There are 2 protein chains.
Amino acid sequence: MTDRSLEVRLASRPAGEPEAANFDVVETDMPSAGEGQALVRNVYMSVDPYMRGRMRDIKSYTPPFQIGKALDGGAVGVVEESNSDALAPGDLVSSRFGWRSHFAAPAVEIQKIDTHGAPLSAFLGVLGMPGMTAYVGLLDIGEPKEGETVFVSAAAGAVGSLVGQIAKIKGCRAVGSAGSADKVAHLVYDAAFDYHGDLNRNLADTCPDGIDVYFENVGGPTLEAVFLHMNMFGRIPVCGMIAHYNDKEPRPGPKTLISIIPKRLKMQGFIVSDHMDRRADFVRDVAGWIAEGKVTYRETIVSGLEKAPEAFMGLFRGENTGKMVVQISDDPTK
Amino acid sequence: MTDRSLEVRLASRPAGEPEAANFDVVETDMPSAGEGQALVRNVYMSVDPYMRGRMRDIKSYTPPFQIGKALDGGAVGVVEESNSDALAPGDLVSSRFGWRSHFAAPAVEIQKIDTHGAPLSAFLGVLGMPGMTAYVGLLDIGEPKEGETVFVSAAAGAVGSLVGQIAKIKGCRAVGSAGSADKVAHLVYDAAFDYHGDLNRNLADTCPDGIDVYFENVGGPTLEAVFLHMNMFGRIPVCGMIAHYNDKEPRPGPKTLISIIPKRLKMQGFIVSDHMDRRADFVRDVAGWIAEGKVTYRETIVSGLEKAPEAFMGLFRGENTGKMVVQISDDPTK
């Protein structure tokens, strides 16, 4: 333990794709735990596409990041000092205080983790918010039925890779698209293709019975093509539209949207934090499926807090396979 | 009764806006009722925007009209001859055999009407398919709650004019848009505006608490603007997108569609014929509301079957207020 702490601040708001100059890595005094607080050393932090939205100065479902202040986001770490009965030194915890090496916060804002033997980093991915996003989006919004076809874009990502596996567990045909031949080759799906090819042809070939549930992560040309292949009464849980996040000006929506009427489609946006009542079901099911070998997952781990901006920028260039995680300090479980 | 019958046929498929040359009005032999059939004289027929879709040669929820064949659609009339125990001469009936002066069909394809004292033409509008479209779209798909704001486009049309009145009955603020100052002035809504003005400004002024339910009839710039005013967890029942029906090439969707995610919106297409289990509820409720004076309605009646193409074309130029109806022969209830 040193007496200095490191944090990543928003230096300026990105115009279009984020770049290194939008971030500052700054050394600060080590925080100290006040009454009812704990001091935590972060071990891993998450970088996620949704953070791009928070870099804009607009009202959304979470407040925008402030220029000159540390960013935040999901992190897991270990308690170093505690002035609360709820936490003890050595406890493994998750929090929203990512993008910094250490933090002090009230114990009520810090969740103790029982790893059930799973690696600590998994609690940022398959057993964390991305995993739960896949779980509630597919099961509660998409409502897949046995024998249906589920199509997932960004299928190699932290969310998408779990969606397809849950779809298969539920007896569906799982089809995914991803951004490179290598990613496609590693997908645990029934069929998959590279979205750079002929979308229409690829959807026709891989979804011969049409699409009943489209788990939407990307927007853009994929969504436009998918409407043509949706079946009657299909469902489209809208998790993200990453293709649009760096647009300087909003781009037009899909020309094919009108098919929502004759096909009686339901398209519904959702945010995982509205569904926290499903957390116990989620952890029980997914931890169980991992233990049974029915769910596997991949991570891309980048080392060093100072590499966090680069890891974040890499999300928009498709540099991750599975969950993109930044390791900040030594993992005490390894 | 004459020995000649008249019917309107599709002469050619419209490219863009339909024109007179796309229709043929043809005299034919009077049909005769076979075993189990009835001969019906049509009194009123319906022209509806959805018919434009059936003039395209593409698979949709109803088969396309065939060139050289009579068009069809909703009609009400009176039985002239019957070879079925289910129907007797003089019975008032509704059917799908519009666009012709007479028809013979199996009795099972003809529904007897008990008017409950309402005018016969109402069974093509407020007590027919358009009325039921308003009823199931608003109540079952839109799920309005007391105190919410319901915005309706094409609010002066056959469907829209009823949506706003039901919204008010359910304790909502009803706001509508329509295509002329005259139409706006006649709307039985809490607030209304002409869509030719500044959509964004008008929505802000008339929906100061935002929009909870948008009953979508038009698509185009209205839908794009509405997304900016939708409240969290808003619902968008998609009934139609009349602004797009005459497009020769599909036009882009709304730039604002991405707000479906942070606002957790649900957008859902529907077709009234999927909801026939609600017919008894619909007739009971709406007939009751009419009797209580809580629902009023307007019709635009065009006289003469040969004017039906013109009446249909008028829908796309906004020439109707309320339900557009074509009178084909004398109304026996008047």
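Which residue of β6(A) does A:Leu39 stand opposite? In this predicted model, the residue facing A:Leu39 is A:Ala104 of β6(A). The report starts from the strand pairings around that position, then moves to the domains, the helices and the contact between the two chains.

## Strand β3 of chain A and its partners

Strand β3(A) is largely enclosed by the rest of the structure, because 9 of its 10 residues are buried. Three pairings of β3(A) are set out below, each with one pair of facing residues.

| Partner of β3(A) | Sense and bridges | Facing residues |
|---|---|---|
| β6(A), residues 102-106 | antiparallel, 5 bridges | A:Leu39 and A:Ala104 |
| β4(A), residues 75-82 | antiparallel, 7 bridges | A:Asn42 and A:Gly77 |
| β15(A), residues 323-327 | antiparallel, 3 bridges | A:Met45 and A:Val326 |

A:Gly34 lies in the loop that leads from β2 (23-29) to β3 (37-46) of chain A. Is A:Gly34 buried or exposed? It is exposed, because 12 other C-beta atoms lie within 10 Å, and a residue counts as exposed at 12 or fewer. Apart from residues up to four places away in sequence, A:Gly34 touches A:Asn83 and A:Ala104. A:Ala104 is also the residue of β6(A) that stands opposite A:Leu39. As for A:Asn83, 49 residues along the chain from A:Gly34, the C-alpha atoms of the two are separated by 6.9 Å.

## The nonpolar core

In soluble globular proteins, nonpolar side chains tend to be buried together. Here the largest nonpolar core has 208 residues, and A:Tyr44 and B:Tyr44 are the ones with the most contacts inside it. Leaving aside residues up to four places away in sequence, A:Tyr44 touches A:Ala75, A:Val76, A:Leu120, A:Ser121, A:Leu124, A:Val325, A:Val326, A:Gln327 and A:Ile328. One of these, A:Val326, is the bridge partner of A:Met45 in β15(A).

## Domains and helices of chain A

Chain A is assigned two segments of domain 1, 4-125 and 297-327, together with domain 2 at 129-275. Taken over C-alpha atoms, the centres of domain 1 and domain 2 of chain A are 28 Å apart. Their contact draws 16 residues from domain 1 and 17 residues from domain 2 of chain A. On the side of domain 1 that touches domain 2 of chain A, 5 residues are nonpolar, 7 are polar and 4 are charged.

Two helices of chain A are mostly covered. In α2(A), residues 129-142, 13 of the 14 residues are buried. Just after α2(A), A:Glu143 takes a positive phi of about 45°.

In α3(A), residues 160-169, 8 of the 10 residues are buried. They are A:Gly160, A:Ser161, A:Leu162, A:Val163, A:Gly164, A:Gln165, A:Ile166 and A:Ala167. The elements that cover these buried residues include α2, β8 (149-152), β9 (173-178) and β11 (211-215) of chain A. A:Gly171 follows α3(A) and has a positive phi, near 85°.

## The contact between chains A and B

How many residues does each chain give to the contact? Chain A supplies 29 residues and chain B supplies 29 residues. Strand β13 (residues 266-269) of chain A provides the largest share of the side of chain A that touches chain B, with 4 residues. By class, that side of chain A consists of 15 nonpolar, 8 polar and 6 charged residues.

The β13 strands also pair across the contact: β13(A) and β13(B), residues 266-269 of chain B, run antiparallel over 3 bridges. Within this pairing, A:Lys266 stands opposite B:Gln268.

Two copies of a chain are related by a rotation about an axis and a shift along it. For this model, a turn of 180° with a shift of 0.0 Å along the axis lays chain A on chain B with an RMSD of 0.0 Å. The two copies are therefore related as by a two-fold rotation axis. Both copies use the same surface, since 100% of the contact residues of chain A recur in chain B. Among the residues of chain A, A:Gly253 comes closest to the rotation axis, its C-alpha atom lying at 1.9 Å.

Key:
Residues are numbered from 1 along each chain as its sequence is written. Chains are lettered from A and ligands numbered from 1 in the order in which they are written. This is a predicted model: local features need pLDDT of at least 70, side-chain atom pairs count only at pLDDT 80 or more; totals for chains, interfaces and linings use all residues. A nonpolar core is a set of buried Ala, Val, Leu, Ile, Met, Phe, Trp, Tyr and Cys residues joined through C-beta atoms within 7 Å. A residue is buried if 20 or more other C-beta atoms lie within 10 Å of its own, exposed if 12 or fewer, and partly exposed in between; C-beta atoms are placed from the backbone. Two residues are in contact if their C-beta atoms, placed from the backbone, lie within 7 Å. Domain bounds come from an automatic or database domain assignment. Ala, Val, Leu, Ile, Met, Phe, Trp, Tyr, Cys and Pro count as nonpolar, Asp, Glu, Lys and Arg as charged, and the others, Gly among them, as polar. Two strands pair if DSSP finds at least two bridges between them. Copies are superposed by least squares on the C-alpha atoms of residues with pLDDT of at least 70 in both.
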